[in-house]
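User: I'd like a close look at one helix and the strands around it, then a short tour of the other features worth checking in the viewer. Please define terms as you go.

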Amino acid sequence: MVINFMTKYVGQPIARKDAIEKVTGMATFAFDIDNIPNLLVGKFLTSSHAHAKIVSIDTSRAEIMPGVEAVATGRDWPVKIGLYAGDRDILAVEKVVWIGQPVVAVAAQTEEIAEQALEVIKIEYEPLPAIINPLVAKKSNDILVHEKMAEYEHSPAFSPVPGTNIANHFKLRKGDISEGFSQSDLIIENTYTMPQIAHAYLEPIVSIGHYRSNGTIKVWTSAQSPFTVRYLLGVTFAVPISNITVLAPYLGGGFGGKAGLNFEPLVVLLSRKAGHKPVKLRLTREENFRSAPIRVGMVAEIKTGIKSNGKIVAEEIEYIWDSGACADYAVNVGRAAGYVSIGPYDIDNIKSDSYTIYTNKPYATAFRGFGHMELHWMIERQRNTIAKALKMDPVEFRKINTLRPGKSFTANQHRLREDAGNIDQCLDKVWVDLKKNLPDTPPEKPWLFRGIGIAGFMKGPAQPPNSASSAYVKFNEDGGVLVSVGTSEMGQGTITSLAQIAAEELGLPIEKVKIKGDRDTDRDAYTWQTVGSRSLFMDGNAVKDACKDAKVQIFDIASQVLRVPSEDLTIKNELIFPKGEPWRRLSLTELVMGYMFPSGESIGGPVIGRGKYIAKMTMLDSETGAGNPAIFETFGAQGVEIELNALTGEIVLKRLVSAFDIGKAINPQLCESQIIGGSVMALSIAVNEQLQYDEKGLLLNPNLVDYVIARSGDIPKEFSSYLLENPQEDGPYGARGIGELTMLGVPAALGNAISNAIAVEINDLPLSSQRVWTEIQQQRPELLSSLKKKILED
């Protein structure tokens, strides 16, 4: 753990601000909110078809049932909703496009009555051919998930292709790809896949909507981005934003699954129909699997041209992203992965096409890593394959091709900033650690094989160039402050780091800095969204700016009292004094509410500092992807040591090593926690997780029994973490984001370790023991024969 002794709070392992509330049960989540007068229960009936026209809906029996206050269908508010692409119905209108799509909703006095009402609703369908495979969907012009795509609203950053199932096509071009391949001494081609998976957050989605009789809307919801929810509700219902309030309590996990607009419009619609009574919708775990958003699946083909000295001279990639039935957020996943197509490498000739594809499966949204874990699974697996073909050390091969701060031009033809961080240092830290601690003796049993693997990666926040954050700091009478930001707290700990920044800037004890964990769009400062590891950088800069503004006000008052120019004053330990003269001091309590002279004359007034920060980026060229897509790029590397049983395919993860160049660890303890949590989540995805469908598009494992996630026994025995601090000048204290980075390299490192241990190449996730054993049978039958012979001899 890196601890900085030059600052009092920044760089220190300060305990989480929200810890006591959460461990004692005092923290409020959306699930807990039941004390709203006249609160009704919302439930919805879903489609039993992956693709079908709605012929008729009969709700007559439900409407007259005692205790039922409202019944809604898509015809009640037939608008398309979505953040980047308006392609999703609140309730299905003309047809259904996945099994689990809400079709009819009711609001009732009790959950039992609501469920009984759903049972008497009759829906007649005319089945249509469903399209489940994204590769088939990409080529299809006759089976379309969205025939009216041309009518949909979408952000100008995206390029849908009407008349197809292509929700977005992102192009990346650099150099001359044909010339690059003609100069290559070796060309390697591979295909890699990752399945759709679930977010599996602890708290299923909960939303409460109240469309009040005066035309105002109030929503309580488990949402990562309450200001985005507020904006999109305004668009959906044609209500001024000033008439909408969104409250987001603590979140029981999000991982991107609660980033956009989910079921908030549905509860608002039900409230409107139920005589303006509030309605609460609480998804069950199975409903969350079938009807709430998931993570995209990926199929990717890569062709790489290399010189004999290890220099990559050309790379051609095609990404197919399975977004399911709607892509209102998934289009940005495909775009973000598209502009980082080649990972942290400097390649002169690039051709990459990233397609986001509609299929008749549950719809996808943001997920931790935002397509970057998937793309680095492919890139870093193939880098290992190339290094083996060239008989080169895998890290030395990578370092021949990695981006150089201040010198290299990225795939977007944008020069990497000089203070961007150093991928080579991350690779070296991990590789040296893995090799240094590798046991000298082989495993005791001949069927056990040991291997190490490594993966490098990079990521920056995927956000529009006009995304912004704001903050304010409001002083109390005792000199303490309330810090207001828009960032949601869902377990990542950002609010603690922001409190540390404020304490450092204002010279206050951390105990006197209050920052709330829940969000209220009427009360709190604005931020765009809590996604993409952007919050510490964006909101941190806004907090610094707000503190600076507060200090200007404080120093202005103090300069009049002490008769010293403002620029000659400093603040430390709640005292303001001329630099070098701490005995000439004033306390914050004397100043922050206004200063009164002995005569009674007063100056100043309550101090409220306000700050802001806006992204420094550009739009990207639609034909080449050229431009500056991110405010920072965090570089990292992860490696694993495994022991593999060739007879069963079982993998035991002995050690996991990580290194991240985060500029500055504002709170090293939180960084360590993020690394452990993200790594375990990535390991679970790499080994266990996969949403499985039958040929009709029915999800077969919609629960946490059949959908397997990591348990405590799956956690590696040993973690090693390195936090590199090459500061970025415009980051708060030089910091860059880390959250999503903590899982990007684990799957590829694990795949590379398997390859290095037993010479078996597996290009499809998950790496379950069954899949590993099957691949050993297919690729290494002679090895199994020799092992069986040896066992019989022994």
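Which strands does helix α14 lie across?

Analyst: Happy to help. This is a predicted model, in which local features need pLDDT of at least 70 and side-chain atom pairs count only at pLDDT 80 or more, while totals for chains, interfaces and linings use all residues. Residues are numbered from 1 along each chain as its sequence is written, and side-chain values use heavy atoms, with hydrogens and water left out.

Helix α14 (residues 535–562) lies across β21, β22 and β30, and its direction is at about 145 degrees to that of β30. Helices here are DSSP runs of H or I with at least four residues, strands are runs of E with at least two, and both are numbered from the N terminus. Axes are lines fitted to C-alpha atoms, for helices over the stretch in contact, and angles between N-to-C directions run from 0 to 180 degrees. Contact means heavy atoms within 4.5 Å.

Those strands belong to an open sheet of four strands, ordered β23-β22-β21-β30, with mixed pairing. Its edge strands are β23 (513–515) and β30 (608–614), each of which pairs on one side only. From one strand to the next, the twist averages 20 degrees. Two strands count as paired if DSSP finds at least two bridges between them. Strands of a sheet pair through backbone hydrogen bonds, either parallel or antiparallel. Strand β22 (residues 481–484) runs parallel to β23 and is joined to it by three bridges; Leu482 has Lys514 in β23 as its bridge partner. Helix α13 (residues 494–506) also packs on this sheet, where it touches β21 (468–475), β22 and β23, with its direction at about 150 degrees to that of β23.

Helix α14 has a second sheet to follow. This one is open, has three strands in the order β25-β26-β27, and its pairing is antiparallel. β25 (569–572) and β27 (586–587) stand at the edges with a single partner strand each, so one side of each is left without a neighbour in the sheet. Strand β26 (residues 575–578) pairs with β27 in the antiparallel sense over two bridges, and Leu575 has Ser587 in β27 as its bridge partner. α14 packs on this sheet, touching β25, β26 and β27, and its direction makes about 115 degrees with that of β25.

Next, look at strand β1 (residues 40–46). Three bridges join β1 to strand β14 (residues 279–282), and the two run parallel. With strand β7 (residues 102–108), β1 pairs in the antiparallel sense over six bridges. Gly42 takes part in both pairings: it stands opposite Leu281 in β14, and its bridge partner in β7 is Ala107.

Further along the chain, helix α18 (residues 769–779) packs against helix α19 (residues 781–793) at an angle of about 100 degrees, with their axes 5 Å apart. The two are therefore roughly perpendicular to each other; by the rule used, angles under 35 degrees are roughly parallel, over 145 roughly antiparallel, 65 to 115 roughly perpendicular, and the rest oblique. Ile776, Gln777, Gln778 and Gln779 in α18 meet Pro781, Glu782 and Leu784 in α19. By class, this contact has three nonpolar, three polar and one charged residue. Ala, Val, Leu, Ile, Met, Phe, Trp, Tyr, Cys and Pro count as nonpolar, Asp, Glu, Lys and Arg as charged, and the others, Gly among them, as polar.

There are also cavities to inspect. On a 1 Å grid over the protein atoms alone, a cavity is a set of points where a 1.4 Å probe fits but cannot get out, and lining residues have an atom within 4 Å of a point. Grid points are joined across faces, edges and corners, and a volume is the space filled by probe spheres set on the points. The count comes to six cavities of 30 Å³ or more, and the largest has a volume of about 110 Å³. Of its 14 lining residues, the closest to the centre are Arg88, Asp89, Ile90, Asn262 and Phe263. β5 (88–89) and α7 (264–273) each supply at least two residues of that lining.

Finally, two backbone details. Leu765 and Pro766 are joined by a cis peptide bond, with omega about 0 degrees, and Pro766 sits in the loop between α17 (746–758) and α18. Ala238 has a positive phi of about 55 degrees although it is not a glycine; its place is in the loop between α6 (226–237) and β13 (244–248).

Conventions: 1 Å grid on protein atoms, 1.4 Å probe; cavity = no way out; pocket = protein on both sides within 12 Å on 5 of 7 lines; lining within 4 Å.
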